[in-house]
Amino acid sequence: MRLTTGIAFALGAFYVLAGFLYAATSEFVDGFPLLMAAAIGIVALATYLLLAVRRAERALAAAEEAGEEAEPHVGPTIWPFGYALSAVGLVLAFLVYPPLYIIGGALFLLSTAGWFADVRGQWLHGAQAPSEPGPPRGPDTTPTADERVA
């Protein structure tokens, strides 16, 4: 995200420079406010991203210092491919054949349910860590089959 914020700040500076150059060299005045609005919006987005990244890094560092358990990692899954297929089905339904909405919607719901099941399984797997062993037990005093006969 640091690269993203750097690019966004550079793009905002470029829009400011382009706006002033446009205002100095053009007889039309409509472009300058538009370029400045774009620059302000991009710089605001970059500032928000920078602050969000810093806040997340501080929270992660505090969690590591406190020894809190991190969220379980959800491994690779097939469900984003299902979302891509559902998007293709929905776009084709919009452009070509409306009954494809049913197929696209069904694929979307199936992908959502599958992905949620994967994430839930990862969370449950992390919660089912082996428990600590109980207190040591004494010797087994139940009689064996030979002792019962005697």
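A nonpolar patch of about 910 Å² sits on the surface of this predicted model. Val88, Leu90, Val91, Leu92, Phe94, Leu95, Val96, Tyr97 and Tyr101 make up the patch. Helix 3, which covers residues 79-95, gives the most to this nonpolar patch, with six residues. Here's a tour of the rest, topic by topic.

**The patch up close**

- Leu92, one of the patch residues, lies in helix 3.
- Is Leu92 buried, exposed or partly exposed? Leu92 has a relative accessible area of 38%, so it counts as partly exposed.

**The whole chain**

- If you're looking for strands, there are zero of them: the secondary structure comes to five helices.
- Read from the N terminus on, the elements run α-α-α-α-α.
- The chain has 150 residues, and 13% of them count as buried.
- The accessible surface of the chain comes to about 12,000 Å², and 70% of that belongs to carbon and sulfur atoms.
- Take the contacts in the chain with a separation of 6 or more: residues 24 or more positions apart account for 58% of them.

**Helix 1 and its partner**

- Helix 1 takes in residues 2-25, which makes 24 residues.
- How far apart should the ends of helix 1 be? At 1.5 Å a residue, the expected span is 34 Å, and the end C-alpha atoms are indeed 34 Å apart, so the two values agree.
- Four names to find in helix 1 are Thr5, Ala8, Gly12 and Gly19, its buried residues.
- Which helix do those buried residues pack against? They pack against helix 2.
- A handy rule for looking at any α-helix is that it has 3.6 residues a turn, so residues three or four places apart point the same way.

**Buried spots in helices 2 and 4**

- Leu49 lies in helix 2, which runs over residues 31-66.
- Leu49 is buried because its relative accessible area is 17%, and the cut-off for buried is under 20%.
- Leu49 and Thr4 are 45 residues apart along the chain, yet their C-alpha atoms are separated by 8.2 Å.
- Now hop to Ser111, which lies in helix 4 (residues 100-127).
- Ser111 has 2% relative accessibility, so it counts as buried too.
- What does Ser111 touch, leaving aside its neighbours within four places in sequence? Its contacts are Trp79, Gly82 and Tyr83.

**Aromatic rings**

- A pair of aromatic rings is described by two things: the distance of the centres and the angle of the planes.
- The count here comes to four aromatic pairs.
- One of them is Phe20 with Phe32: the ring centres are 5.3 Å apart and the planes are at 55 degrees, so the pair is tilted.
- This pair links distant parts of the chain, as Phe20 is in helix 1 and Phe32 is in helix 2, 12 residues apart.
- Phe20 is partly exposed at 49% relative accessibility, and Phe32 is partly exposed at 26%.
- Another pair is Tyr83 with Trp115, with centres 5.6 Å apart and planes at 50 degrees, so this one is tilted as well.
- Tyr83 lies in helix 3 and Trp115 in helix 4, so the pair ties together parts that are 32 residues apart in sequence.
- Tyr83 is partly exposed, with a relative accessible area of 22%, and Trp115 is partly exposed, with 30%.
- Add Phe108 and you have a cluster: ring pairs link Tyr83, Phe108 and Trp115.

Methods
Residues numbered from 1 in each chain as written. Predicted model: local features only at pLDDT ≥ 70, side-chain atom pairs only at ≥ 80, totals over all residues. Heavy atoms only, no water. Helix = DSSP H or I, 4+ residues; strand = E, 2+ residues; numbered from the N terminus. Buried < 20%, exposed > 50% of the residue type's maximum accessible area, 1.4 Å probe, protein only. Patch = residues over 30% accessible without salt bridge, like charges linked within 9 Å, V, L, I, M, F, W, Y side chains within 5 Å. Areas by Shrake-Rupley, 256 points an atom, 1.4 Å probe, with all protein chains shown as cover. Salt bridge = Lys/Arg side-chain N within 4 Å of Asp/Glu carboxyl O. Expected span 1.5 Å × (residues − 1). Contact = heavy atoms within 4.5 Å. Phe/Tyr/Trp six-rings, centres within 6.5 Å; stacked < 30°, edge-to-face > 60°.
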